[in-house]
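Thanks for coming. I will go through the charged pairs in this one, then say a little about a helix.

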Amino acid sequence: MEKIRGEYRMLVERAKEARERAYAPYSRFPVGAALLCEDGTIYTGCNVENASYGLTCCAERTAIFKAVSEGHTKFRAISVVLDSTDPSAPCGACRQVIFEFGPDIDVVMANVGSESVDVVKITDLIPRAFGPSSL
Ligand code: THU
């Protein structure tokens with residue numbers, strides 16, 4: 001945790017708080033996310049599950065959809081916090097949705113105890129992605 005910059009530390013804290021609000025009665029696997037916009041605004045998200053399991057929305061996409069629906073489309077970083085021994089990367093669907101908004105977005109991955117944090121570029125998680133410039 002010492003290695004990451006202050007604003008990313010804050011982002012991890014906000015994702016942890018959002019994780020507390022997860023609606024995950026089926027998986028019992030709460031996840032939190034926090035999205036840092038270019039202007040410094042932060043949107044948080046949690047996973048929102050459904051009795052029809054496939055309709056679940058991951059924490060990352062919740063945060064992104066909240067931000068976009070409030071008029072933000074320029075993002076610097078997104079943090080994701082879950083309870084695992086090692087930080088875990090977003091699912092494939094979320095990687096695609098993050099990439100939509102730019103190849104330079106940092107993905108800040110932490111576990112709930114914050115013992116370790118990984119920061120990678122979205123392009124490292126989804127190489128040769130299909131995106132807006134492919135059209
Ligand atoms: N989940 C997320 O919210 N984000 C991820 O990066 C991985 C998975 C959610 C989906 C589901 O509600 C639960 O975690 C178990 O897969």
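**Salt bridges and one helix**

Arg14 has a relative accessible area of 27%, so it counts as partly exposed. Before going on: this is a predicted model. The partner of Arg14 is Glu17, and their side chains form a salt bridge at 4.0 Å, N to O. Both residues sit in helix α1, three residues apart, about one turn of the helix. Glu17 is partly exposed too, at 43%.

A search of the whole structure gives four salt bridges, and I will show two others. One of them joins the side chains of Arg76 and Glu7, at 2.5 Å from N to O. This pair links distant parts of the chain, with Arg76 in strand β3 and Glu7 in helix α1 (residues 6-19), 69 residues apart. Arg76 is partly exposed at 30%, and Glu7 is partly exposed at 28%.

Next is Lys121 with Asp106, where the closest N and O atoms are 3.1 Å apart. Here strand β5 (residues 117-121) supplies Lys121 and strand β4 supplies Asp106, 15 residues apart. Is Asp106 buried or exposed? Its relative accessibility is 10%; the cut-off for buried is under 20%, so Asp106 counts as buried. Lys121, at 31%, is partly exposed.

What does Asp106 touch, leaving out residues up to four places away in sequence? The list is Tyr8, Arg76, Ala77, Ile78, Val119, Val120 and Lys121. Arg76 is the residue that bridges to Glu7.

Last, helix α3, residues 92-99. Its buried residues are Cys94, Val97, Ile98 and Phe99. Their cover includes α2 (59-69), β3 (75-82) and α4 (122-125).

Notes
Residues numbered from 1 in each chain as written. Predicted model: local features only at pLDDT ≥ 70, side-chain atom pairs only at ≥ 80, totals over all residues. Heavy atoms only, no water. Contact = heavy atoms within 4.5 Å. Buried < 20%, exposed > 50% of the residue type's maximum accessible area, 1.4 Å probe, protein only. Helix = DSSP H or I, 4+ residues; strand = E, 2+ residues; numbered from the N terminus.
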